[in-house]
Amino acid sequence: MDIDLSIRCGDICYVDFGVGYINECSYQHFGIVLSIVNHKAYILPMTSNPRAVEQAKNNEKKHLYYIGKPDGLHKETCAFVNDGRYINTARIISVNAHVDVESDIFRDLISVVIRSFYDKI
């Protein structure tokens, strides 16, 4: 399937994550693209659930990262650091917002994701 979407790192997209198991993001959600490799995007699912957003803002949960409300989104949001995965870019339904990859927030998010894999760093 090719719908001619131009996907870039930092894009916040509406994605069909498909069927998931318990505590996995599934079906349609927003997500932020961190990397693109050979037609697959490494993407972190996002939520606008007010409780999760507040916990992310207050650094209460290590698996949540506060994104805020970038232009193009209607609510504050946060990313699930522990639920990132590579997906085929054909699963991306739309590009709705963007976080500049040179911004402090994007660079910090990348650092948090890397530390989640290697917690001794």
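The largest nonpolar core of this predicted model has 17 residues. Six of them touch the most other members: Ile-12, Ile-32, Leu-34, Leu-44, Ile-67 and Leu-109. Several elements feed this core. S2, S3, strand S4 (64–68) and helix H2 (104–117) each supply at least two residues. Which element gives the most to this core? The answer is H2, with 4 residues.

Leu-34 shows how the core is knitted together. Leave aside its neighbours within four places in sequence. Leu-34 is then in contact with Cys-9, Tyr-42, Leu-44, Phe-106, Leu-109, Ile-110 and Val-113. Two of these partners, Leu-44 and Leu-109, are also among the core members that touch the most others. Phe-106, another partner of Leu-34, lies within the range of helix H2 (104–117).

There is also a second, separate core. This one has 9 residues, including Ile-7, Val-15, Ala-41 and Ile-87.

**The chain as a whole**

How many helices and strands does the protein chain have? It has 2 helices and 7 strands. Read from the N terminus on, the order is β-β-β-α-β-β-β-β-α. The chain thus opens with strands and ends with a helix.

The protein chain has 121 residues, and 38% of them count as buried. Its accessible surface comes to about 7600 Å². Carbon and sulfur atoms hold 49% of that surface.

Now look at contacts along the sequence. Take those in the protein chain with a separation of 6 or more. Residues 24 or more positions apart account for 62% of them.

**Two unusual residues in one loop**

Most residues other than glycine have a negative phi. Two residues here go the other way. Asn-38 has a positive phi of about 50°, and His-39 has a positive phi of about 70°. Neither Asn-38 nor His-39 is a glycine.

Where is Asn-38 placed? It sits in the loop between strand S2 (28–37) and strand S3 (40–47). His-39 is in the loop between S2 and S3 as well. The two strands beside this loop, S2 and S3, each supply at least two residues of the largest core.

Are these loop residues buried or exposed? Asn-38 counts as exposed because its relative accessibility is 67%, over the 50% cut-off. His-39 is exposed too, because its relative accessible area of 59% is also over 50%.

| Residue | Phi | Relative accessible area |
|---|---|---|
| Asn-38 | about 50° | 67% |
| His-39 | about 70° | 59% |

Conventions. Residues are numbered from 1 along each chain as its sequence is written. This is a predicted model: local features need pLDDT of at least 70, side-chain atom pairs count only at pLDDT 80 or more; totals for chains, interfaces and linings use all residues. Side-chain values use heavy atoms; hydrogens and water are left out. Buried means under 20% relative accessible area, exposed over 50%, partly exposed in between (1.4 Å probe, protein chains only). Contact means heavy atoms within 4.5 Å. Accessible areas come from the Shrake-Rupley method with a 1.4 Å probe; for residues, only the protein chains shown count as cover. A nonpolar core is a set of buried Ala, Val, Leu, Ile, Met, Phe, Trp, Tyr and Cys residues joined through side-chain atoms within 4.5 Å.
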